[in-house]
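User: Please take a close look at one part of this model: its charged side chains and what lies around them. How are they paired or grouped, and how open are they to the surface?

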Amino acid sequence: MKKSLLKLTICLSALFLCVTSCTKNENISYDAIKDNIETKEEEVIENPSDDTTLDLIELIAQDETLSSLSQAIIQADFQSVLNSDDAFTVFAPTDEAIQELFDLLGDAYSSVDDFDSAIERELLSRILKFHVISGAFDSARLEAGSVSTLYEEQTFEIVADGDGFIISDASTVDANFVSVDHSATNGIVHTIDKILIPADVAEALGLSTETVDSSQRTIKALITKKEGFAFFKEALLLTGLLDALDEDGPFTVFAPSDGYFTNLFALLGEEFGSLEDFDTELELDLLREILLFHVVPGNFKSTDFTTGPLVTLSGENTLGVVEASGELVLKDATTLDINLIMTDITAQNGVLHVVDRVLIPESVIAVVERAVHAAFETVMSNEDQLKLALEFFNMARERMHLEALAEKKFTFFFPSDQAFYDLFDEIGYGTIEQFNSEEGLQLLKTILAYHCVENESLKAADFTNNQILNTFQGEELGVLLDSGIYILDKTTATSKVIDIDLEVLSGVIHIVDKVLLPQEVLDAL
């Protein structure tokens with residue numbers, strides 16, 4: 001499992017729970033700070049900057065007690081926010097406060113540099129926004145009450161406490177001021193002794209500002225109320241499955257958060273760009289099958305996973321749990337790794353895990369492969385010189401993973417019928433049937449994969465002299481422009497492009513007069 005939010009979730013959850021037993025520091029009086037009364041027993045750092053030539057980022061960077069915060073600003077790309085023309089007040093957690101976070105995370109995290117995934121950086125950005133308010137408020141201007149932050153209208157409370165104030169967030173422990181009134185050219189910095197937690201971050205971790213926790217809610221309620229699952233919720237509503245997740249269960253749900261549906265639309269093709277495009281019964285059934293593939297009957301926490309198949313509610317489609325680089329990851333029918341980016345969000349009727357892709361079942365891959373094959377067959381059957389190429393394509397289709405061609409651009413060089421006859425003569429094959437064996441089909445798959453250029457849809461006008469093309473098979477092709485377009489394989493003979501620009505799906509087909517052979521096939525022959 002990916003280290004990122006799994007360990008971060010454990011850390012922040014532990015932070016919320018373990019600090020409830022800590023006693024609050026005696027609050028620091030602002031009057032005492034400003035009057036520099038040395039008889040106070042609290043350790044107070046009184047070092048407001050007189051150098052107003054520094055902006056907020058520079059002021060934080062030069063303060064040795066805020067080095068972790070300065071690194072977090074860089075890691076989360078938060079400079080653009082603080083560099084604006086507006087004035088801000090920053091409530092800055094000290095290094096000691098942030099170190100408490102690292103201590104709970106364990107060996108995987110020793111600095112903010114370890115928050116290196118997109119979701120981790122986004123979480124850092126949200127927390128940083130929650131520490132910033134608009135306007136420059138020195139300690140004399142602070143008042144008790146709710147304060148709006150830069151984070152999506154989320155607020156924390158400034159609470160009167162004796163002669164001064166404390167800050168109350170979504171956790172059960174308040175923040176105390178360590179020092180105040182550090183002036184910058186574009187705002188004020190006050191340092192505090194804990195990290196402030198936004199309410200929705202607490203909610204995302206299965207906590208609440210109230211006494212109710214996520215384990216008292218159903219999975220339907222979690223998906224409905226939590227930030228980040230709007231797309232998943234809408235898909236479940238559209239297919240009539242959301243109410244099923246309100247039933248007894250138990251269920252284990254792997255939920256892709258918003259932003260992780262792009263692989264689904266790419267797989268299904270350019271006709272699908274939003275949920276609104278699932279507008280027929282067949283398409284809704286397809287979407288329903290995909291969503292059911294995200295649900296496993298039973299209550300499986302991350303510690304319960306072992307390598308092997310997981311039976312889903314999507315018919316006979318099973319989800320794999322495999323080990324990769326010492327971590328457990330999921331595998332669907334695409335055979336790509338799916339990372340668990342947040343785990344063990346408990347519910348009354350099961351458990352929710354967050355994954356970084358939409359899971360694709362084998363049955364949907366089969367549907368996509370049939371659609372891709374039909375598109376190729378339509379184009380190729382209209383070309384008289386591609387009859388043998390189409391037969392070979394049909395023979396090898398089950399080994400070709402054709403769904404990959406639905407997800408990306410490609411350029412396919414198909415040999416003409418005469419090119420295949422020339423190959424038969426060269427290798428001693430008399431008919432196409434001689435390829436219809438385990439060894440022959442594997443050879444055919446390798447040859448066809450070498451004819452397909454990945455991630456580029458190149459028409460004739462796009463080729464350049466000495467161009468290098470990367471193929472699905474793994475070896476390279478070369479391009480030679482000399483009174484025509486010639487393709488160079490691993491043999492000594494060139495292959496000329498004799499027909500161009502046959503468009504299919506998101507790709508293009510060109511016809512060549514020689515079968516292209518990679519070194520892998522030459523060695524086998």
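Analyst: Three words are needed before the first pair. A residue is buried when its relative accessible area is under 20%, exposed when that area is over 50%, and partly exposed in between. The model is predicted.

Start with Glu122. Its relative accessible area is 36%, so Glu122 is partly exposed: the value falls between the 20% and 50% limits. The side chain of Glu122 meets that of Arg126 in a salt bridge, 2.9 Å from N to O. Arg126 has a relative accessibility of 25%, so this residue is partly exposed as well. Why can these two side chains face each other? Both sit in helix α7 (residues 118-129), four residues apart, which means a separation of about one helical turn. An α-helix has 3.6 residues a turn, so residues three or four places apart point the same way.

The next pair has another layout. Lys459 and Glu503 form a salt bridge whose closest N and O atoms are 2.8 Å apart. Here distant parts of the chain are linked: Lys459 lies in the loop between β17 (452-454) and β18 (468-470), while Glu503 belongs to strand β21 (residues 494-504), 44 residues apart. Lys459 is partly exposed, at 33% relative accessible area. Glu503 reaches 52%; the limit is 50%, so Glu503 counts as exposed.

The third pair to look at is Asp489 with Lys514. Their side chains meet in a salt bridge at 2.5 Å, N to O. Asp489 is in the loop between β20 (485-488) and β21, and Lys514 is in the loop between β22 (507-512) and α18, so the bridge ties together parts 25 residues apart in sequence. Are these two buried or exposed? Both Asp489 and Lys514 are buried. In the whole structure, a search finds seven salt bridges.

Not every charge is paired. Asp422, Asp425, Glu426 and Asp513 gather in a patch of negative charge on the surface. Asp422 has its place in helix α16 (residues 417-427). Its relative accessible area is 38%, so Asp422 is partly exposed. A patch residue must have over 30% relative accessible area and no salt bridge, so Asp422, at 38%, passes the area test.

Now look at what surrounds these charges. Helix α16 is part of the cover for another helix: the buried residues of α14 are covered by elements including α13 (362-381), β16 (410-415), α16 and α17 (438-450). Helix α14 spans residues 387-396, and its buried residues are Leu388, Ala389, Leu390, Phe392, Phe393 and Ala396.

Helix α18 (residues 519-524) holds Val521. At 1% relative accessibility, Val521 is buried, because the limit is 20%. Beyond its neighbours within four places in sequence, Val521 is in contact with Leu443, Thr446 and Ile447. The C-alpha atoms of Val521 and Ile447 are 7.2 Å apart, with the two positions 74 residues apart along the chain.

Back to the loop that holds Lys459. Asn455 lies in that loop too, between β17 and β18. Its phi is near 70°, a positive value in a residue other than glycine. Asn455 is partly exposed, because its 48% relative accessibility is under the 50% limit.

One more acidic residue deserves a look. Asp77 also has a positive phi, near 55°, and is not a glycine. Asp77 follows helix α4, and its place is in the loop between α4 and α5 (79-82). With a relative accessible area of 54%, Asp77 is exposed. Helix α4 itself (residues 67-75) has buried residues: Ser68, Leu69, Ser70, Ala72, Ile73 and Gln75.

Last, the setting. The chain has 18 helices and 22 strands. Of its 525 residues, 52% count as buried. The chain exposes about 23900 Å², and carbon and sulfur atoms supply 47% of that area. Among contacts between residues at least 6 apart in sequence, 65% join residues at least 24 apart. The link from Lys459 to Glu503 spans 44 residues, and the tie from Asp489 to Lys514 spans 25.

Note on methods: Residues are numbered from 1 along each chain as its sequence is written. This is a predicted model: local features need pLDDT of at least 70, side-chain atom pairs count only at pLDDT 80 or more; totals for chains, interfaces and linings use all residues. Side-chain values use heavy atoms; hydrogens and water are left out. Patches are made of residues with over 30% relative accessible area and no salt bridge: like charges are joined within 9 Å, nonpolar side chains (Val, Leu, Ile, Met, Phe, Trp, Tyr) within 5 Å. Accessible areas come from the Shrake-Rupley method with a 1.4 Å probe; for residues, only the protein chains shown count as cover. A salt bridge is a side-chain nitrogen of Lys or Arg within 4 Å of a carboxyl oxygen of Asp or Glu. Lys and Arg count as positive and Asp and Glu as negative; His and the chain ends are not counted. The place of a charge is taken as NZ of Lys, CZ of Arg, CG of Asp or CD of Glu. Helices (H or I, at least four residues) and strands (E, at least two) are DSSP runs, numbered from the N terminus. Buried means under 20% relative accessible area, exposed over 50%, partly exposed in between (1.4 Å probe, protein chains only). Contact means heavy atoms within 4.5 Å.
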